[in-house]
Amino acid sequence: MISEKMKNLVKNNSVIREMFEEGKRLAKIYGKENVYDFSLGNPNVPAPKEVNEAIIKILETEDSCFVHGYMSNSGYEDVREKIAENINKKYLTNFSYKNLIMTVGAASGLNIVLKSILNPDDEVIVFAPYFSEYNNYIRNYDGIVVKIDSDKKSFMPNLKEFESKINDKTKAVIINTPNNPTGVIYKEEIIIELSKIMKQKELELNHPIYLISDEPYRELVYENIEVPYVTKYYNNSFVVYSYSKSLSLPGERIGYVVVPNELEDADEMIDAVTIANRIIGCVNAPSLIQRAIPYCLDVKTDIEAYRKNRNLLCQILMENKFEFVNPEGAFYLFVKTPNGDDREFCNIAKKYNLLFVPGSSFSCPGYVRIAYCVSYEIIERSKEAFKKLSKEMKLIDF
Ligand code: PLP
């Protein structure tokens, strides 16, 4: 019999996955090209050719027992050193290989950080809307999720509420920028303000409060906007990075965690995160793709494809009088549901073969997430469906 803890997790299984299954079901009935599945954040842009070239080169030139062998739990030193140098070049930081732990994507990066810092009943603050898996990751280590709403016009964190919710039990704060599901980016002034509050609270409460910056979308930015590198603003920061979206490699499971020297007891924390990597069962990040990363450090995904999708979708939504915040990054749009009920709205949209994820799945009811990492043609073909949906919601009458 499965455990009580698992029973709940199975019951609350991700709505996003359910939608994905629904998409497959509808595709069988109506044909794939007539189902507008905007439910999953799976990049539709292929991985850059440099990734495959690197893999082939590694397989042809490196020793097989080495390439496919066990390694240090934190990953290959030479790989970590090259990534550290690249981060230093881009963000004027000062990391070495010691500050980087290679991970099985951002999912395991978040898990090993939370495992390293949480005692039972420690609180972790998250800003709604947020990636729903944070709930599971925090509860994996018996932490408590403390949700704080964002401003509904800008989707920036409500810093007044944030300050008031920090207490003796607060151990960490997770931010995600560019954001899933809203696409907004926290600008420098927000990071400065957030850091100021956290520093003040650390002094008052006399214990570290960690800032965990979850950054799978760092490279997916459409405007000329800088995504601040949090370690430069706040000492007790972790950066959790992933190549899932920036190189379109979600199935390869590759990313890293940065633990800066400025973090309190950094050496001890680096050991803890490294051991956590092993004992949660990941052991180490996958070897072959890890060795390929240094060949792709300055390689970029085709951001123009996502930009084109974003622009077309924004145009369709505007023409049909839907309300949303202009996304500056990632590949999501967060749209206000005209009837206020996100689940019902998703069901109505389904009638027109439009698949969205309800905002409730991101702890923000009254909105839906549209993932536009789909083909441009699908968005073009979906125009009529959006029009019919808008008509049914009485937003337009033509
Ligand atoms: N964090 C956010 C905000 C995400 O959107 C995702 C995946 O969609 C993840 C973490 C997990 O990413 P990864 O595939 O690197 O585990």
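In which loop is the place of Pro178? Select that residue to begin: in this predicted model, Pro178 sits in the loop that runs between strand 5 (170-176) and helix 9 (188-205).

Stay on this loop and display the backbone, where the peptide bond leading from Thr177 into Pro178 is cis, with an omega near -5 degrees. Next select Asn180 and Pro181, which are likewise joined by a cis peptide bond, here with omega about 20 degrees; Pro181, too, is placed in the loop between strand 5 and helix 9. As a backdrop to these selections, most peptide bonds are trans, and most residues other than glycine have a negative phi.

With that in mind, move to Asp142, whose phi is near 60 degrees, a positive value in a residue that is not glycine. To find its surroundings, show helix 7 (133-140) and strand 4 (144-149), since Asp142 belongs to the loop between these two elements.

Now turn to the ligand and select the shell around it, which consists of 14 residues, the closest being Ala106, Asp214, Tyr217, Ser242 and Arg253. Colouring this shell by residue class will show six nonpolar, five polar and three charged residues. If helix 6 (residues 105-117) is then highlighted, you will have the element that provides the largest share of the shell, namely three residues.

For the polar contacts, draw distances from the oxygen atoms of the ligand to three side chains. A polar side-chain atom of Ser242 lies 2.6 Å from a ligand oxygen, an N or O atom in the side chain of Tyr217 is 2.7 Å from an oxygen of the ligand, and for the side chain of Ser244 the corresponding distance to a ligand oxygen is 2.8 Å. A surface representation completes this stop: of the 390 Å² of accessible area that the ligand has on its own, the protein covers 91%.

Finally, zoom out and colour the chain by domain, with domain 1 made up of residues 4-47 and 301-392 and domain 2 of residues 49-296. The C-alpha centres of the two domains lie 26 Å apart, and at the boundary 31 residues of domain 1 are in contact with 40 residues of domain 2. The area buried between the domains is about 2,700 Å², with carbon and sulfur atoms giving 57% of it. As a last selection, take Ala47, Val325 and Glu328, which together supply 23% of the area that domain 1 buries against domain 2, more than any other three residues.

Notes:
Residues are numbered from 1 along each chain as its sequence is written. This is a predicted model: local features need pLDDT of at least 70, side-chain atom pairs count only at pLDDT 80 or more; totals for chains, interfaces and linings use all residues. Side-chain values use heavy atoms; hydrogens and water are left out. A residue is near a molecule or strand if one of its heavy atoms lies within 4 Å of it. A polar contact is a pair of N or O atoms within 3.5 Å; within protein, one must be able to donate a hydrogen and the other to accept it, and residues adjacent in sequence count only if both atoms are side-chain atoms. Accessible areas come from the Shrake-Rupley method with a 1.4 Å probe; for residues, only the protein chains shown count as cover. Helices (H or I, at least four residues) and strands (E, at least two) are DSSP runs, numbered from the N terminus. Ala, Val, Leu, Ile, Met, Phe, Trp, Tyr, Cys and Pro count as nonpolar, Asp, Glu, Lys and Arg as charged, and the others, Gly among them, as polar. Domain bounds come from an automatic or database domain assignment. Contact means heavy atoms within 4.5 Å. Buried area is the accessible area (1.4 Å probe) that two parts lose on being put together, summed over both.
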